[in-house]
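Reader: I am new to structural models, and I would like to learn how to read one step by step. Could we go through an example together?

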Amino acid sequence: MTKLVIASIGPASSVQDGGRPGAQRYGLVPSGAMDRLALAAANTLVGNEPFTAAVEVGPFGAKFTARGGAVRVALTGTPRNADIAGRAVAPDTSARLADGETLTLGFARGGSFSYLAIEGGVIGEPMFGSLAVNARAGLGSPYPRPLQAGDELPTKAASGAPERRIELPAAGDAPIRVVWGPQDDEFADETKKLFVDSEWKISATSDRMGYRLEGPILKHLHGHNIVSDGTVNGSLQVPGNGQPIVLMPDRGTSGGYPKIATVISADLGRLAQIPAGRGFRFRAVSMAEAQAEARKFAELLRTLPERLRAIESVDLNVDALHDANVAGHAVSAVDAGTWHAVSLADIAGPD
Amino acid sequence: MAATLSPPRLLPSGDSAVTVEFSRNIDDAANRRVLALDRALAAEPIPGVTEAVPTYRSLLVHYDPVQIDFDKLSEKILALAKRPVPPTTKVRRWRIPVVYGGEHGIDLEDVAQTLNTTPDEIVARHVAGDYRVAMIGFTPGWSYLSGLADSLHMPRRQNPRLLTPAGTISIGGVQTGVQCLAGPSGWHLLGRTAVRTYQLHREPIFLLEPGDNVTFTSVDAKTFAEQDRAAEAGEFIAEQIAL
């Protein structure tokens, strides 16, 4: 059988797809890719459905070797050096590994997560319709845990389709947009103003459950305990220490801290890719604007195939592409030396 | 009661979910309205609604903003929420065996001391209770039950434990809970059950539903150990009681 064998890989790398919504009423969070646009773009490059399972590669390097046949892959998300047996692989392109060849990925540059899609997808046994890893719940296939060296990802043999690149809109560094609520009334107007007027940084103590933010202390009006209610991806909950945590796809389904605002769905992937230590801002938008952006984002996902280009036309620009959008030595949100998992207790709230 | 029929507050939770809040507090009447709205949404689905998540005091409704916008959804939800809460029919009732105290319930003695009584009396009060699953949340199968006797209400621990065992039965504030997976908790640990409220490769994977009724029975450590082995093999341990 054709497979991609993991020769080496860092922590915070796992098989992810569109996730498994539908069982949050039983406490099971959907999980799924941190950057859905990057996942969909990678899958589109190799002709898969947009939310097919792929490898979400964390900030460290990784090596993948094709066994049992040629394997066609695509790499999107945060830029990093990549080559197959010495041949450079540009960001946002597909490429082919001959049987026995190794794809080598360097460290993430200026972001956190890359997506390695495989033509034909990762073959595994879906649970609740998904292969996405949720280690806490014992879910994920082929492995119900983050990937390790020696793991094998079964797939289909490469089709021989021509390689492609995909033209994606620039992510940019505009403020991350939020809508107020559900508990912004637990905060004074000055506190809300402080939230949108301040620069924030993502702490190195961040992971797929939540990103801790560093910035001014946000004071609660009535204390930091509320009776638990439901959470969503992008919930900005403010625990007792006044330092917000943005809940990410492996969050708990309920939480007992007030949520001052919620990141709009179109900006979640961009937030997920902000490296720890880099300053960024939030901007509050109306519900009408947030939902217009959500519809635009859905349209972008739907029309990704129209953004595919033949790769020959950029042959001369591979090096330029390679170095595009590189942000020096920015530390990733889940940095090598400082990486700590967020404790469940931090997410739980008082209940 | 006029108060219980007041319209819920619709609190935006981003562009793809809305929190339908019936109360800010742990409130049994509010929880009944939450569960009634949840059933109404299941019976008469609103196009674009993808998932509903009941909690003590609110229903989180996930939706696709491409199919329906916030204002239109709010109108439809408010119309459903206006209806009187129908009497619940077909309530499932479960009996869950618990080994209380000792290594399985390390806080039982302390709880008894704090409440000026004996461990046996704490157990007697806990098994006498008739509970309802108010919500399931946080981690898979973590079931929050309402109906704890006033005489067992006590504040949560000052310092939550980072790791408590799978199957823990605990009390905290005005609630009691059945915890499925090992994890952090700030509640007082009274005992453990072999019942898995979440178990893969079993049908159904999730045992309890919000709205189910639950009672507890006391078993000894030997019975617990036997039940735990059987449960690991996929057997049901919780008894469903016919009404």
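Author: What follows is a short conversation about confidence, contacts between chains, domains and a single residue.

Reader: Before trusting any detail, what pLDDT does chain B average, and what ipTM does the predictor give the complex?

Author: This is a predicted model, and a careful reading begins with the predictor's own scores. Chain B has an average pLDDT of 93, and 97% of the residues score at least 70, while the complex as a whole is given an ipTM of 0.93 together with a pTM of 0.91.

Reader: How many residues does each chain bring to the contact?

Author: A contact between chains is read by taking each side in turn. Here chain A brings 39 residues and chain B brings 44 residues. On the side of chain B that touches chain A, the elements that give two or more residues are strands, including E1 (9-12), E2 (17-21) and E6 (131-136) of chain B. The largest share on that side, five residues, belongs to E3(B).

Reader: Into which classes do the residues on that side of chain B divide?

Author: The side of chain B that touches chain A holds 25 nonpolar residues, 13 polar ones and six charged ones.

Reader: Which domains does the assignment give for chain B, and how far apart do their C-alpha centres lie?

Author: The domain assignment of chain B gives domain 1 (3-82) and domain 2 (93-240), and the C-alpha centres of these two domains of chain B are 29 Å apart. Where the two domains meet, eight residues of domain 1 of chain B are in contact with eight residues of domain 2 of chain B. On the domain 1 side, helix H1 (residues 28-43) of chain B supplies the largest share, namely four residues, and by class that side has four nonpolar, two polar and two charged residues.

Reader: What does the UniProt annotation say about residues 8-208 of chain B?

Author: An annotation comes from a record, so its wording should be credited to that record. The unreviewed UniProt entry labels residues 8-208 of chain B "domain: Carboxyltransferase". In the model this span is 23% helix and 30% strand, and its end C-alpha atoms lie 26 Å apart.

Reader: Turning to one residue, is A:Ile202 buried or exposed, and why?

Author: A:Ile202 is buried because 25 other C-beta atoms lie within 10 Å, and 20 or more are enough for that class. A:Ile202 sits in strand E14 (residues 201-202) of chain A. The C-alpha atoms of A:Ile202 and A:Ala276 are separated by 4.6 Å, although these residues are 74 residues apart along the chain.

Methods
Residues numbered from 1 in each chain as written. Chains lettered and ligands numbered in written order. Predicted model: local features only at pLDDT ≥ 70, side-chain atom pairs only at ≥ 80, totals over all residues. Buried ≥ 20, exposed ≤ 12 C-beta atoms within 10 Å, placed from the backbone. Contact = placed C-beta atoms within 7 Å. Nonpolar A, V, L, I, M, F, W, Y, C, P; charged D, E, K, R; others polar. Domains from an automatic or database assignment. pLDDT = per-residue confidence, 0-100.
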